[in-house]
2 protein chains.
Amino acid sequence: MKGERFSRMHCSVARAAAVVADQWTVVILRDLFLGLNRYEDLRADLGIATNILADRLDHLVAEGVVERVAYQERPVRYEYELTDAGRELYGVVLTLLTWGDRHRAVAGPPLVLVHEACGDVAQARVTCSECGGELKAGEVRHAAGPGGRRAPGTALVDTVLHGVGQAGEAELHGEGQIGQP
Amino acid sequence: MKGERFSRMHCSVARAAAVVADQWTVVILRDLFLGLNRYEDLRADLGIATNILADRLDHLVAEGVVERVAYQERPVRYEYELTDAGRELYGVVLTLLTWGDRHRAVAGPPLVLVHEACGDVAQARVTCSECGGELKAGEVRHAAGPGGRRAPGTALVDTVLHGVGQAGEAELHGEGQIGQP
């Protein structure tokens, strides 16, 4: 896993991808969200080689999204628990689930989500914090934020960014632009 | 990329992860959503080796999420355009962006989203299709759906699934359960 290259990019997508690094990491996170959090259970569920599982768990711990917690003393055995930052990756897993259900689930969804607040079987939607409408490709303008830089991984991104509207500029305090040194 | 192993799992998360295969694939998708869709622009933006870029684009085309469209005849040059299924991966990219902005953007967000419907700078939220509330880890029960099977990659998942409530069962027609042959 060459995560360092991506964590150095001036891009939150790349930096998050450096954490959710590969397919094994994704299904390990899925299992942690489902409540399978012991090494042996993860190994048995996934059919994953022990060296790969250990490597990916070490990676998730190093990234601060998973904590190793002893649940037995002799011999010491550990559970892997999502940290607060790790639990916030739930949306990434849910959007993958939603896409997979729509495009790769010929026999129907392998599992369904029941939202406890309303009790209904839920589909996950990605929506706007301000108006609640769905955020769809082509209906969102991408504008420069303060943390952007022209560098490998984002060398041309600034050429295709749009300006922020008046409301946006006020909220952003107008500092820094992608492309500025 | 060993995507086949994941696309064979009885899990929509794993199958979607087989498409959004690795970190390079994620940043290529990001660029396509931003409007950088020519081979040479992708190469220049990402600083990616040509063989890796070609391999990942071939993968995305084979998965049906990207189309190769000629924009010049002599010599023939191609643009890579997201298909409808590809555009539905926007939520995956947005949830990575949101997480990265919250946890890895020390200098502030590199770019911001302006939702055209409301004109505001938007944060992406993952919400319930039924009640509109946010879907947070720990507030969603995971229940067996019709497409689940006990197999490598999902060998133990059924042991931690909950039942669906009455409303859910009616919607699911009650056919098939994870763990049934």
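Mentor: A definition to begin with: two strands count as paired if DSSP finds at least two bridges between them. Please also keep in mind that this is a predicted model.

Trainee: Happy to start there! What is the strand order of the open sheet that holds S3(B) and S4(B)?

Mentor: Take the pairing within chain B to begin with: strand S3 (residues 111-115) of chain B runs antiparallel to S4(B), joined by 2 bridges. Within S4(B), Val121(B) is the bridge partner of Val114(B). A strand of chain A completes this antiparallel sheet of 3 strands, and the order is S6(A)-S3(B)-S4(B).

Trainee: Which strands stand at the edges of that sheet?

Mentor: Look again at the order, S6(A)-S3(B)-S4(B). An edge strand here has a single partner strand, so one of its sides is left without a neighbour in the sheet. That describes strand S6 (140-144) of chain A and strand S4 (121-122) of chain B.

Trainee: How many bridges join strand S3 of chain A to S6(B)?

Mentor: These two belong to an open antiparallel sheet with the order S4(A)-S3(A)-S6(B). Its edge strands, each pairing on one side only, are strand S4 (121-122) of chain A and strand S6 (140-144) of chain B. One opposing pair to look for is Val114(A) and Arg141(B) in S6(B). Strand S3 (residues 111-115) of chain A and S6(B) run antiparallel, and the count is 5 bridges.

Trainee: Strand S5 of chain A also pairs with strand S5 of chain B; in which sense?

Mentor: Both strands span residues 124-128, and 5 bridges hold the pairing. In S5(B), Arg125(B) is the bridge partner of Thr127(A). The sense of the S5 pairing is antiparallel.

Trainee: What relation connects chain A and chain B?

Mentor: Chain A superposes on chain B by a rotation of 180°, with 0.0 Å of shift along the axis and an RMSD of 0.0 Å. The copies also meet through the same surface, because 100% of the interface residues of chain A are interface residues in chain B too. The rotation of 180° without shift is the relation of a two-fold axis.

Trainee: How much area do chain A and chain B bury between them?

Mentor: The contact draws on 110 residues from chain A and 110 residues from chain B. On the side of chain A, Gln23(A), Trp99(A) and Pro110(A) supply 8% of the buried area, more than any other three residues. Carbon and sulfur atoms account for 64% of the area buried between the two chains, which is about 9,300 Å².

Trainee: Which helix gives the largest share of the side of chain A that touches chain B?

Mentor: Polar links first: between the chains there are 52 residue pairs in polar contact. The residues of chain A's touching side divide into 61 nonpolar, 26 polar and 23 charged. The largest share of that side, 13 residues, comes from helix H7 (residues 90-103) of chain A.

Trainee: Which residue of chain A meets Arg102(B) in a salt bridge?

Mentor: Side chains of opposite charge can pair when their charged atoms come close. Across the interface of chain A and chain B there are 4 salt bridges. In one salt bridge, with 2.5 Å from N to O, the partner of Arg102(B) is Glu88(A).

Trainee: And within chain A, how many residues apart are Asp22(A) and Arg56(A)?

Mentor: Over all chains, the whole structure holds 22 salt bridges. The side chains of Asp22(A) and Arg56(A) meet in a salt bridge at 2.6 Å, N to O. Asp22(A) lies in the loop between helix H2 (12-19) and helix H3 (23-34) of chain A, while Arg56(A) is in helix H5 (residues 50-62), so the pair links distant parts of the chain at a separation of 34 residues.

Trainee: One last stop, the hairpin of S1(A) and S2(A): how many residues lie between these strands?

Mentor: S1(A) and S2(A) run antiparallel and are joined by 6 bridges, with Val69(A) opposite Glu79(A) in S2(A). The loop between the strands holds Pro75(A), which a cis peptide bond with omega of about -5° joins to Arg74(A). The peptide bond from Arg74(B) to Pro75(B) is cis as well, with omega near -5°. Between the two strands of the S1(A) and S2(A) hairpin there are 4 residues.

Methods:
Residues numbered from 1 in each chain as written. Chains lettered and ligands numbered in written order. Predicted model: local features only at pLDDT ≥ 70, side-chain atom pairs only at ≥ 80, totals over all residues. Heavy atoms only, no water. Contact = heavy atoms within 4.5 Å. Buried area = accessible area lost by both parts, 1.4 Å probe. Polar contact = N/O pair within 3.5 Å; in protein donor to acceptor, adjacent residues only side chain to side chain. Nonpolar A, V, L, I, M, F, W, Y, C, P; charged D, E, K, R; others polar. Least-squares fit on C-alpha atoms with pLDDT ≥ 70 in both.
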